[in-house]
Amino acid sequence: MTLQVAIEGVAFWASRLPGWDLARAVIRGEQAPPEAASARPAPTLLAPTERRRAPDTVAVALEVAGRACEAAGRKPSDLPSVFASTHGDLAISDYMCSTLAATPALISPIKFHNSVHNAAAGYWSIGTGSLAPYTAISAYEYTFGAGLIEAATQAACEERPVLYVAFDIEAKGALASMAPSRGLLGAALVLAPASAAQKQRSLILTTESVAESRPTAPRSAAAPLVADNALAPCLPFFEILAMSQPRTLCLALSKQMALNVQVN
Amino acid sequence: MSATQSSQHPVAQSPAELELAELIVNALNLEGVAPAEIDPEAPLFKTGLGLDSIDALELALEISKRYGFQLRSDDENNVRIFSSLRSLAAHIQTHRVTG
């Protein structure tokens, strides 16, 4: 299977790389990363009632979603979206498990409300007033590639631009020992149907059955800054986007399925 | 009470009302709201503090944890009980087991 899409907008936010301009400069070796981690971005898009309830998943996802639309010059409410996260909110999952085990009648309704995997997508659609369809997916360690192929498929098949948002946050409690993740990391793209006249960068995605998938390893100074986050497998893609030359990388879709990504 | 405080809320809070106001602000993460500035007679929901139904459920949970009694979602008096800081604090003082 081969898909071709244009990249209209890019956004990136990590606790130690807060913003695509900074991340790109660190990847290129043009700038040193900040010493300290940044506070989580404020979800200013939301009304006060939603904003005060927004967990970290929502804060980081909405930050990159908004920035990618801005970079693409697209109105957020017009775009169908794909939200991908390896773990969703493991801090809340851990809270839900420990509370259900100890005092099941005392589950926080706000935490319950925020515990669903599509919480970030839901807050985004409320905040932007969007009636466009959204998809929320997870594929464990293969999440970034699976989300990318889903968004590119929608853009190519529906022949309209699609917002792709991937994010993971810090794991807490007992679940963190099984599924560790540190800091906040979010990345977003606006993908559009490829056209012959386009001046934007584009992607050609090809899936391939392999004996053992061998995803491209990260190689820049940004790698250690996000390596502990569950979404770290996305970094090699953004390392190539940060450079101007066309290159090809491999993302894993499963142990035996590779996603080859040609970045033009 | 200072003149400034009395101009911001015409009716003074009791200590129990202040304690409940602090619980509300913390439990619901209310931005820019000082517990001592909540008018005890103003509506908590829609207008006033602008709380909604999810906030009511969260508040009922926090109150049951702090004061040791259950606020029931099917209580026909809920509209009156939750109408203001004053009425909710009075209900808690009547029914509290702990805290």
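Let me begin with chain B, which has five helices and zero strands, so that we have the simpler picture in mind before we turn to its partner; please remember throughout that this is a predicted model. Reading chain B along its sequence gives the pattern α-α-α-α-α. Of its 99 residues, 25% are buried, and among the contacts between residues at least 6 apart in sequence, 65% join residues that are at least 24 apart.

How do two of these helices, α2 and α5 of chain B, pack, and at what angle? Two packed helices are described by the angle between their axes and the distance between the axes. Here α2(B) and α5(B), the latter covering residues 85–95, pack at an angle of about 105 degrees, and their axes are 9 Å apart. Angles from 65 to 115 degrees count as roughly perpendicular, and that is therefore the description that applies to α2(B) and α5(B). On the α2(B) side the contact is made by Ala16(B), Glu17(B), Leu20(B) and Ala21(B), and these meet Leu85(B), Arg86(B), Leu88(B), Ala89(B), Ile92(B) and Gln93(B) in α5(B). Sorted by class, the residues of this contact are seven nonpolar, one polar and two charged. If you look at the spacing of the numbers, it helps to recall that an α-helix has 3.6 residues a turn, so residues three or four places apart point the same way.

Two loop residues of chain B are also worth a look. Asn29(B) is found in the loop between α2 (15–28) and α3 (53–67) of chain B, and its phi is near 55 degrees, a positive value in a residue other than glycine. Most residues other than glycine have a negative phi. Asn29(B) has 13 other C-beta atoms within 10 Å, and is therefore partly exposed. Further along, Asp74(B) is found in the loop between α3 and α4 (78–81) of chain B; is Asp74(B) buried or exposed? With 5 C-beta neighbours inside 10 Å, Asp74(B) counts as exposed. From Leu20(B), which we met in the helix contact, Asp74(B) is 54 residues away in sequence and 22 Å away in space, C-alpha to C-alpha.

Now let us turn to chain A, which has ten helices and eight strands. Its C-alpha trace spans about 60 × 40 × 35 Å along the principal axes. A compact globule of 264 residues would have a radius of gyration near 18 Å, and chain A, at 18 Å, agrees with that. Buried residues make up 47% of chain A, and of its contacts between residues at least 6 apart in sequence, 73% join residues at least 24 apart.

The eight strands form an open sheet with mixed pairing, in the order β3-β2-β4-β5-β1-β6-β8-β7. At its edges are β3 and β7 of chain A, each of which pairs on one side only, and the twist from one strand to the next averages 25 degrees. As one example of a pairing, β6(A), residues 201–209, runs antiparallel to β8(A) and is joined to it by seven bridges, and Thr207(A) stands opposite Leu259(A) in β8(A). Helix α7(A) lies across the strands of chain A from β1 to β8, and runs at about 170 degrees to β4(A).

Just before α7 (143–158), in the loop that follows β3 (134–137), lies Tyr140(A). Its phi is near 50 degrees, again positive in a residue other than glycine, and Tyr140(A) counts as exposed because it has 11 C-beta neighbours inside 10 Å.

For a contrast, consider helix α10 of chain A, residues 235–242, where six of the eight residues are buried. Those residues are Leu235(A), Pro236(A), Phe237(A), Phe238(A), Glu239(A) and Leu241(A), and what covers them includes β1, α1, β5, α9, β7 and β8 of chain A.

Which parts of chain A touch chain B? Nine residues of chain A are in contact with eleven residues of chain B. On the chain A side, α2 (48–53) and α5 (109–114) each supply at least two residues, and the largest share, four residues, comes from α2(A). By class, this side of chain A has four nonpolar, three polar and two charged residues.

Key: Residues numbered from 1 in each chain as written. Chains lettered and ligands numbered in written order. Predicted model: local features only at pLDDT ≥ 70, side-chain atom pairs only at ≥ 80, totals over all residues. Rg over C-alpha atoms; globule rule 2.2 N^0.38 Å. Buried ≥ 20, exposed ≤ 12 C-beta atoms within 10 Å, placed from the backbone. Contact = placed C-beta atoms within 7 Å. Nonpolar A, V, L, I, M, F, W, Y, C, P; charged D, E, K, R; others polar. Axes fitted to C-alpha atoms, helices over the stretch in contact; angles between N-to-C directions. Parallel < 35°, antiparallel > 145°, perpendicular 65-115°, else oblique. Pairing = 2+ DSSP bridges.
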